[in-house]
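Trainee: Could you take me through the place where the ligand sits, slowly and with each term explained? After that, I would like to hear about a few other spots in the chain.

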Amino acid sequence: MTEPGWKLSGDLENDRAPQLEITLESLSDFYGIDPPTLSRFEKPNSDLWQIDIFFDGRPTDKFVKELLDKAGLLQWHHTFGPVEDRDWVSESQKLLAPVQAGRFFVFGAHDADKADANLVNLQVDAGQAFGTGKHETTAACLALLDALGSDISPGKFLDLGTGSGVLALAANKLWPAASGTATDIDPIATDVAVENASINKVPIREFKPGIPGVAFKTADGLDDAELQSEAPYDVIIANILAGPLVAMASDIVAALAPGGVLILSGLLITQQSEVMQAYQDQGLQLIKSEESGEWSALQLTS
Ligand code: SAH
């Protein structure tokens, strides 16, 4: 087992972030370690930015103290601890082989010659965003989407936690006339998803009503004016993790159209009842579940 990643997070005025970034780089240089990744994104309706620094393993207390001291942030209200979620990127890199789930065939560029004209082909390379299709959590969503297929024809869909964009791309291929939205808390993922959309000839649309294609946005959950302006969504797919899914239950259900379809993934079978309960409390009912290995994906409706 690899050591879990550690994350230091807090909110900061954006003009103070560069100092932190520079300090991080120079300290890492000094200690001869690879600089940890610092990501920042603007918090909606606020002057603050959320800063996340991801460490490969647990950094020493000395390093952290020195970092905060040199960046002038000794008084900074921050959190520091192991990253709850898996290392999505390295999980996805292990998963380079092409995969077929339902009518979808997901492959990396190196397997482009294996594309099958009878299937819906999606080229998604393992890179800085999670979602090559091979992971059980993704494959289960693809299978559920495939099964929905032409039974429904949603006007709007949302892929929450889009990673590589794979599920939004798949949904666009199923429902090309729909206005799709794909969002991720990680700005790198959003960029990768946009790139994958163009590789797969999925039209990238703006946030305007009624335009087919997929609009992309970096945001924390549904806490974003543009994501809200698109609601309600006829289909929402969220492959995140049990914890965030439970925490976001009321926001997600509020954004789902009456009679809409919700697909939840990223939960272990052992977490299924907890997640289901959170959504049943919001008035949803379970239509079916798709289990694969230790993972489970749920399809619910309002
Ligand atoms: N949808 C892809 C990727 C799933 S990985 C697939 O099915 O393969 C989960 C993604 O959720 C990661 O890219 C992570 O950055 C994102 N994520 C985690 N918390 C989030 C939040 N609060 N809001 C939006 N995205 C989130």
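Mentor: We begin with the ligand and then turn to some other parts of the chain. This is a predicted model, in which local features need pLDDT of at least 70 and side-chain atom pairs count only at pLDDT 80 or more, while totals for chains, interfaces and linings use all residues. Residues are numbered from 1 along each chain as its sequence is written, and side-chain values use heavy atoms, with hydrogens and water left out.

The ligand is surrounded by 18 residues, and the closest are Thr138, Gly161, Asp184, Gly221 and Asn239; a residue is near a molecule if one of its heavy atoms lies within 4 Å of it. By class, this shell holds eight nonpolar, seven polar and three charged residues, where Ala, Val, Leu, Ile, Met, Phe, Trp, Tyr, Cys and Pro count as nonpolar, Asp, Glu, Lys and Arg as charged, and the others, Gly among them, as polar.

Turning to single atoms, an oxygen atom of the ligand lies 2.7 Å from an N or O atom in the side chain of Thr138, and a ligand oxygen atom is likewise 2.7 Å from an N or O atom in the side chain of Asn239. With Gly161 the partner is a polar backbone atom, 2.8 Å from a nitrogen atom of the ligand. On its own the ligand has 580 Å² of accessible area, and the protein covers 91% of that, as computed by the Shrake-Rupley method with a 1.4 Å probe.

Away from the ligand, helix 5 (residues 166-174) is mostly covered, since eight of its nine residues are buried, among them Val166, Leu167 and Asn172. Here buried means under 20% relative accessible area, exposed over 50%, and partly exposed in between, with a 1.4 Å probe and protein chains only; helices (H or I, at least four residues) and strands (E, at least two) are DSSP runs, numbered from the N terminus.

Lys201 belongs to the loop between helix 6 (187-199) and strand 10 (213-218), and this residue counts as exposed because its relative accessibility is 71%. The phi of Lys201 is near 55°, a positive value in a residue other than glycine. In another loop, between helix 7 (225-230) and strand 11 (233-239), we find Pro232, which is joined to Ala231 by a cis peptide bond with omega about 0°. Most residues other than glycine have a negative phi, and most peptide bonds are trans.

Key
A polar contact is a pair of N or O atoms within 3.5 Å; within protein, one must be able to donate a hydrogen and the other to accept it, and residues adjacent in sequence count only if both atoms are side-chain atoms.
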